[in-house]
Amino acid sequence: YVGYSRVVQEHQGNNLIFAEEYGSGLDMFDVAGQHWQPGPKLPCSDCHPLALDGQGRGWGGGSNGLWITDGQTQQNLTTADGLPSDTVTAVAFITDTAWIGTSAGVAVYDGKRIVATYTAAADGLASDNISALMADSAGGMWVGTDPGLSYYSPAGQWQHFSVGQPFVNNVRTTDLAQDGQGALWVTTAGDGVYRYLSGDWQRFTSTSPGGVGPIDNSNSVTVA
């Protein structure tokens, strides 16, 4: 019996990596070749896979910084290298840069060094505790926090979302996704699901007809 606790997709969509539920085993599925192979082993005992880059390297996080490995060599980034915290929670990519979410803010890594950091105090994030990251099709970065949500536009401007716009309650953003229509989907810990599409935020809860949830447009805002 083999159970799996997490699946991570390479940001170019070529591979999927599955983390085994127990131990440190990783299994990779090559989408183009339609075959399985061992995934890049994370060289840390207290971390889990967070992302695959376009080179097939595994990016893992936990309580001892960020680990990057191709299965043969590995690199460890910590606060000594400029991370806001050694507790790493999320990774996402915009072109050749990696955004790294931590328990004390976000770092941007260009492959050689940390080139920027973003925090609540300096940049207005709702919280420094980063829970999710997602690069959208426009080239911006969505940053989920506990609580709240922020957006870094391709033009380099921040927008922040919390109670009242659009969230009803002060809860954690648990994950982010973008569908084929370009809509952003935001899952929360206790406040339902939110969708942003064509200038409107919509809220879905568990009490709607069909079990999906009523659409609530009362907190509609526009993302620049």
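**Notebook: Ser127, strand pairs and the largest pocket**

I began with Ser127, listing its contacts beyond four places in sequence: Ala120, Thr145, Asp146 and Pro147. I note here that the model is predicted.

**Entry 1: Ser127**

I looked up where Ser127 sits. Ser127 is in the loop that runs between helix 1 (120-123) and strand 13 (130-135). Is Ser127 buried or exposed? I found a relative accessible area of 12% for Ser127. The cut-off for buried is under 20%, so I put Ser127 down as buried. Next I checked its side chain. The Ser127 side chain comes to 3.0 Å from the backbone nitrogen of Asn129.

**Entry 2: strands 3 and 4**

I moved on to the hairpin. Strand 3 (residues 26-30) pairs with strand 4 (residues 35-38). The sense is antiparallel, and I noted four bridges. Which residue of strand 4 is the bridge partner of Asp30? I found His35. Four residues lie between the two strands of this hairpin. I then looked at the turn and picked out Gln34, which has a positive phi of about 55°.

**Entry 3: the sheet of strands 5 to 8**

I traced an open sheet of four strands. Its order is 5-6-7-8, and the pairing is antiparallel. Which strands are at the edges? I have strand 5 (47-52) and strand 8 (74-77), each pairing on one side only. I also looked up the turn between neighbouring strands of this sheet. The average is 25°, with direction ignored.

I took one pair from this sheet for a closer look. Strand 7 (residues 66-69) and strand 8 run antiparallel and are joined by four bridges. Within that pair, I noted Trp67 with Asn76 of strand 8 as its bridge partner.

**Entry 4: the largest pocket**

I turned to the largest pocket last. Its space comes to about 780 Å³. How many residues line the largest pocket? I have 26. Those nearest the centre are Gln9, Leu50, Val91, Ala92 and Leu133.

I then asked which elements give two or more residues to this lining. They are strand 1 (4-9), strand 5, strand 9 (88-94), strand 13 and strand 18 (173-178). Strand 9 gives the most, with six residues.

Two cross-references for my own use. Strand 5 is an edge strand of the open sheet, and strand 5 also appears among the lining elements of the largest pocket. Strand 13 is one of those lining elements too, and the loop holding Ser127 lies between helix 1 and strand 13.

Terms used
Residues numbered from 1 in each chain as written. Predicted model: local features only at pLDDT ≥ 70, side-chain atom pairs only at ≥ 80, totals over all residues. Heavy atoms only, no water. Buried < 20%, exposed > 50% of the residue type's maximum accessible area, 1.4 Å probe, protein only. Polar contact = N/O pair within 3.5 Å; in protein donor to acceptor, adjacent residues only side chain to side chain. Contact = heavy atoms within 4.5 Å. Pairing = 2+ DSSP bridges. Axes fitted to C-alpha atoms, helices over the stretch in contact; angles between N-to-C directions. 1 Å grid on protein atoms, 1.4 Å probe; cavity = no way out; pocket = protein on both sides within 12 Å on 5 of 7 lines; lining within 4 Å. Points joined across faces, edges and corners; volume = space filled by probe spheres on them.
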